[in-house]
Amino acid sequence: MWAVRPQPTADRPTPAQAIETVFRLQAPRVIAGVTRIVRDVGIAEELAQDALVAALEQWPRDGVPDNPGAWLTAIARRRAVDLVRRREVYARKLAEIGRDLETTAPPAEPAEPDGIDDDLLRLVFTACHPVLTPQARTALTLRLLGGLTTAEIARAFLVPEATVAQRIVRAKRTLAAKNVAFEVPYGPDRAARLGSVLDVVYLIFNEGYAATAGDDWLRPGLCEDALRLARVLSGLMPGEPEVHGLSALLEFQASRTPARTAPDGTPVLLRDQDRRRWNRMLIARGVHALERAGATAAGPPGPYALQAAIAACHARAYTYEETDWRAIAALYGLLAARAPSPVVELNRAVAVSMAEGPQRGLELVDALAAEPALRGYHLLPSVRGDLLARLGRVPEAREEFLRAAGLTRNERERALLLRRADQPSG
């Protein structure tokens with residue numbers, strides 16, 4: 001059934017605007033539904049684009065359908081069936097699927113308590129499959145699930161568009177060559193694969209939250225994409241505590257965004273942020289997600305739930321001075337035991353310095369100096385400079401801030417560190 005053809009007004013989108021909006025929102029589900037038929041994400045994306053072309057031809061003439069997402073899916077699915085029937089390369093697959101492909105339900109997944117049966121979830125696990133490199137997983141996830149164009153992904157990560165295009169093409173070819181099944185993994189494999197999915201979403205968020213390079217400290221668009229993906233995962237996998245843990249962590253972190261930069265884009269440190277500008281709605285969402293993580297956990301909290309608990313400690317403090325640093329230090333201790341890494345130990349050292357004093361924190365930081373993973377990591381000298389400044393060792397602090405400024409690739413962060421080098425005790 002078609003809606004009455006609308007006349008564009010200031011508050012009513014034109015068909016072209018509606019097509020752009022709907023396709024960006026619905027493309028992941030369209031691609032996922034078609035992939036179940038053709039078993040190839042590259043072909044599925046092409047067929048989704050064909051559906052978009054059909055919409056561009058018909059919607060301006062006939063009006064936007066009542067359910068545009070279902071319309072796009074139906075067109076893409078119909079063309080997928082035609083493709084399977086037409087191409088000889090898919091003849092064997094057609095015989096297996098059956099001639100009544102359009103009406104036959106897909107094979108049931110293995111019985112599981114949570115009974116996941118969602119094409120979108122299958123697409124998530126496919127895009128984040130371990131056979132792909134981390135860079136390829138990120139690019140493919142943003143392309144297929146985030147709805148970003150190749151140019152948008154390239155701008156977000158400050159790499160040439162051709163590089164991103166190559167990563168996506170190679171990722172699709174690898175999935176096809178390795179005959180990666182379009183499925184949700186079960187049993188032990190699912191736990192391992194889920195970690196890969198969550199890591200990709202977290203990587204996307206972190207690149208937006210504290211950009212590793214370029215002129216901008218924040219790239220809010222990437223944060224929003226990652227937050228949306230985390231929320232989708234929470235809805236698709238309600239029984240997975242770490243999914244809720246990641247969602248909680250991103251909600252808490254995103255809540256600080258309005259206060260993390262000055263009007264001119266200059267970074268604002270946590271201690272100097274106006275917490276009245278923190279988004280209380282996102283904090284409330286984070287609290288709810290963290291509660292769901294606890295309610296669904298059968299054992300100790302996982303790494304993302306622990307990081308969310310740390311972020312919750314900051315969110316509950318209405319001023320910097322009210323922060324419960326002892327609780328944060330204890331949580332970092334649990335995180336270090338659960339997922340040991342030099343970066344976690346560095347963060348724990350900061351929390352310990354706030355709870356027990358800068359000298360104790362400096363001792364912990366100096367113990368990390370020889371860690372190969374932190375060689376070239378600008379936050380190591382940055383933290384050390386801050387601790388030295390708090391101890392009144394100003395010349396040493398200045399040297400550390402200068403060293404950190406030379407290591408970072410983000411121009412905003414470099415400027416901040418150089419200012420701190422000029423005024424180490426400020």
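Buried means under 20% relative accessible area and exposed means over 50%, with partly exposed in between. Keep that handy for these exercises, and remember that the model is predicted.

**Exercise 1. Sort out the pair inside helix H15**

Take the salt bridge between arginine 348 and glutamate 345. How far apart are the closest N and O atoms, and is glutamate 345 buried, exposed or partly exposed?

Solution, step by step:
- Start with the distance: the closest N and O atoms of arginine 348 and glutamate 345 are 3.0 Å apart.
- Next, place the pair. Both residues sit in helix H15 (residues 342-356), three residues apart, or about one turn of the helix.
- Now the accessibility. Glutamate 345 comes out at 26%, so it counts as partly exposed.
- Arginine 348 has 23% and is partly exposed too.

**Exercise 2. Follow a bridge between two helices**

Work out which helices are tied together by arginine 384 and aspartate 366.

Solution, step by step:
- Check the contact: the closest N and O atoms of this salt bridge are 2.7 Å apart.
- Then look up the helices. Arginine 384 belongs to H17 (residues 379-390) and aspartate 366 to H16 (residues 358-366), so the bridge ties together parts that are 18 residues apart in sequence.
- Finish with the surroundings. At 19% relative accessible area, arginine 384 is buried, since the cut-off for buried is under 20%.
- Aspartate 366, at 36%, is partly exposed.

**Exercise 3. Do it again with glutamate 251**

Find the partner of glutamate 251 and say where each of the two residues lies.

Solution, step by step:
- The partner is arginine 285, with the closest N and O atoms 3.3 Å apart.
- Glutamate 251 is in helix H11 (residues 241-255) and arginine 285 in helix H12 (residues 280-296), so this pair links parts 34 residues apart in sequence.
- Glutamate 251 has just 2% relative accessibility and counts as buried.
- Arginine 285, on the other hand, is partly exposed at 37%.

**Exercise 4. Zoom out**

How many salt bridges does the structure hold, and which residues have the most contacts inside the largest nonpolar core?

Solution, step by step:
- The salt bridge count is 21.
- Some of the charged residues form a network: Arg271, Asp386, Arg390 and Arg420 are linked by salt bridges.
- Turning to the nonpolar side, the largest core has 91 residues, and Val38, Leu72 and Leu250 have the most contacts inside it.
- Another core lies apart from that one; it has 34 residues, including Leu306, Cys313, Tyr320 and Tyr332.

Key. Residues are numbered from 1 along each chain as its sequence is written. This is a predicted model: local features need pLDDT of at least 70, side-chain atom pairs count only at pLDDT 80 or more; totals for chains, interfaces and linings use all residues. Side-chain values use heavy atoms; hydrogens and water are left out. A nonpolar core is a set of buried Ala, Val, Leu, Ile, Met, Phe, Trp, Tyr and Cys residues joined through side-chain atoms within 4.5 Å. Buried means under 20% relative accessible area, exposed over 50%, partly exposed in between (1.4 Å probe, protein chains only). A salt bridge is a side-chain nitrogen of Lys or Arg within 4 Å of a carboxyl oxygen of Asp or Glu. Helices (H or I, at least four residues) and strands (E, at least two) are DSSP runs, numbered from the N terminus.
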